[in-house]
Amino acid sequence: LEDIRNTLEGLIQPTLRDIVEGHATVRTIFARSRRSKVAGVYVTDGRVVRNASARVLRDGQVIYDGAISSLRHFKDDVREIATGLECGISLAGFDDFQEGDIIEFHRQEQAPS
């Protein structure tokens, strides 16, 4: 009976829930190189955490959901930025930023069973 329960628990996928860490508004865009762009953002609520995922919202539609590749405050690489501060952010595989875009920072967490 114990073996059967262990087998079933291994087959059942854990339930994940999405936790929103914060939001930021794109104020300006900087060209880091010919292909790479950095968004200059203002954190409107919550916080930005380096290992979180980012969702870019334009006109209420999600146009990108992926990883943060760089988070900088002035010239320093940082792990976290709090509400009310500005920072530069680049996203893995995305550089089509426009002023006014909202970036939502989120993480996945296993829901209690």
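**Exercise 1. Work out which residues His23 is in contact with, leaving aside its neighbours within four places in sequence.**

Start with the list. In this predicted model, His23 touches Tyr42, Val43, Thr44 and Asp45, and also Ile102, Ile103, Glu104 and Phe105, once neighbours within four places in sequence are left aside.

Next, put the residue in its strand: His23 sits in β1. That strand covers residues 16–31 and runs antiparallel to β8 (residues 102–110), with nine bridges joining the two. Strand β2 (residues 37–49) is also antiparallel to β1, again through nine bridges.

Now go back to the contacts. Tyr42, Val43, Thr44 and Asp45 are among the contacts of His23, and their numbers fall within the β2 range, 37–49. Ile102, Ile103, Glu104 and Phe105 are on the list too, and they fall within 102–110, the β8 range.

Finish with the specific pairings. Across in β2, Asp45 stands opposite His23. On the β8 side, the side chains of His23 and Glu104 make a polar contact at 2.9 Å.

**Exercise 2. Which residue in β8 does Val20 stand opposite, and how many residues lie between β1 and β2 in their hairpin?**

Take the β8 side: the residue opposite Val20 is His106. Then follow β1 into β2: the two strands form a hairpin, with five residues between them.

**Exercise 3. Ile29 is in β1. Find what it touches, and decide whether it is buried, partly exposed or exposed.**

Contacts come first. Not counting residues up to four places away in sequence, Ile29 touches Lys37, Val38, Phe97, Gln98 and Glu99. Of these, Lys37 and Val38 have numbers inside the β2 range, 37–49.

Then check accessibility. Ile29 has a relative accessibility of 29%, so it counts as partly exposed; the partly exposed class runs between the 20% and 50% cut-offs.

One last distance: Asp77 is 48 residues from Ile29 in sequence, and their C-alpha atoms are 18 Å apart.

**Exercise 4. Where do Asp59 and Phe74 lie, and what are their phi values?**

Begin with Asp59. You'll find it in the loop between β3 (53–58) and β4 (61–73). Its phi is near 55 degrees, a positive value in a residue other than glycine. With a relative accessible area of 75%, Asp59 is exposed.

Move on to Phe74, in the loop between β4 and β5 (76–77). Phe74 isn't a glycine either, yet has a positive phi of about 55 degrees. Its relative accessibility is 72%, so Phe74 counts as exposed.

Key:
Residues numbered from 1 in each chain as written. Predicted model: local features only at pLDDT ≥ 70, side-chain atom pairs only at ≥ 80, totals over all residues. Heavy atoms only, no water. Pairing = 2+ DSSP bridges. Helix = DSSP H or I, 4+ residues; strand = E, 2+ residues; numbered from the N terminus. Polar contact = N/O pair within 3.5 Å; in protein donor to acceptor, adjacent residues only side chain to side chain. Contact = heavy atoms within 4.5 Å. Buried < 20%, exposed > 50% of the residue type's maximum accessible area, 1.4 Å probe, protein only.
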